[in-house]
Amino acid sequence: FSDVYYIAKYHLSPTLFYPLLMAPLKKDDDDETIANKIRLVSKCLDVYSVIRKSNGRSVSHSNIRIAMYNLIKQIRDCSIDELKKELNKFIKELPKEKNFFERKDGYRLRQGNKTFVKFLLARLTSYIEEEVTGKPSMFVDFMKYRPKKARYEIEHIWADKFQPHQNDFKDIEEFKKSRNSLGGLILLPHQTNQSFGSLPYEQKVEHYLKENLLARSLHEKCYQRNPKFSNFLKESGLQFCSYEKFTKLAIKERMELYKKICEEIWSL
């Protein structure tokens with residue numbers, strides 16, 4: 001029930017999600033049906049919350065309670081098939097809101113959304129690690145804030161230096177937008193981030209090889225003698241690749257890769 005964890009810990013008030021999880025359950029449902037209904041509703045709420053947050057909108061009780069109360073009524077006593085239809089309908093009919101991974105320019109780090117961007121990177125990184133290695137999720141470790149030396153931080157693949165990239169951008173503001181793109185970010189341990197954050201990419205990428213798989217995938221050696229990762233790439237069709245130089249185009253390509261991973265994670 002990982003999605004129940006996500007909505008409880010990072011998204012919704014229990015006064016909203018408890019009634020929503022209970023709404024489709026019936027007294028004569030068997031254990032498997034109950035479990036599947038809870039998974040469906042919690043996945044829908046995770047998708048809904050991520051869409052809201054990526055659009056800069058709140059998921060506080062006061063902001064969404066009417067929509068949630070209406071959804072409770074729509075899904076009450078539904079069968080599995082009915083529940084799937086109602087939840088898909090609910091997501092598709094969200095007014096003026098679009099998944100961030102459906103936008104042409106993707107998504108980027110801004111003032112005020114750092115916690116949410118870290119959440120997104122933690123979900124992406126833990127998903128890839130789980131799918132490839134089969135090991136338990138590292139999500140909780142990625143999101144820890146204490147102790148400081150053990151926490152993970154957002155790493156800009158580009159150092160905050162405009163001069164090496166000035167031929168690719170008309171001004172520093174355009175450079176910063178590209179640098180803050182989700183495709184130009186990874187998660188690294190605090191100490192690694194502090195030690196190598198200001199180095200040029202060509203030097204930093206050697207240190208990425210010791211880190212999580214999303215960071216390692218930037219280095220060509222990640223693709224050598226790594227059968228689990230190779231099999232995953234074949235089965236998933238995800239366009240991972242290494243970069244000798246990390247350019248403006250590389251950031252766009254990584255953003256497209258992240259979009260595809262997000263489609264896998266936040267799909268009903």
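**Asp46, the H2–H4 packing and the E1–E2 pair**

The side chain of Asp46 forms a polar contact with the side chain of Arg123 at 2.9 Å, a polar contact being a pair of N or O atoms within 3.5 Å in which, within protein, one must be able to donate a hydrogen and the other to accept it, while residues adjacent in sequence count only if both atoms are side-chain atoms. The model is predicted, so that local features need pLDDT of at least 70 and side-chain atom pairs count only at pLDDT 80 or more, whereas totals for chains, interfaces and linings use all residues. Residues are numbered from 1 along each chain as its sequence is written, and side-chain values use heavy atoms, with hydrogens and water left out.

Asp46 belongs to helix H3 (residues 31–54), helices (H or I, at least four residues) and strands (E, at least two) being DSSP runs numbered from the N terminus. Because its relative accessibility is 0%, Asp46 counts as buried (under 20% relative accessible area, with exposed over 50% and partly exposed in between; 1.4 Å probe, protein chains only). Residues up to four places away in sequence aside, Asp46 touches Asp3, Tyr6, Ile7, His11, Phe119, Arg123 and Trp266, contact meaning heavy atoms within 4.5 Å.

Strand E1 (residues 152–156) is largely enclosed by the rest of the structure, because five of its five residues are buried. Five bridges join E1 to strand E2 (residues 185–189), and the two run antiparallel; strands pair if DSSP finds at least two bridges between them. Within this arrangement, His156 has Leu185 in E2 as its bridge partner.
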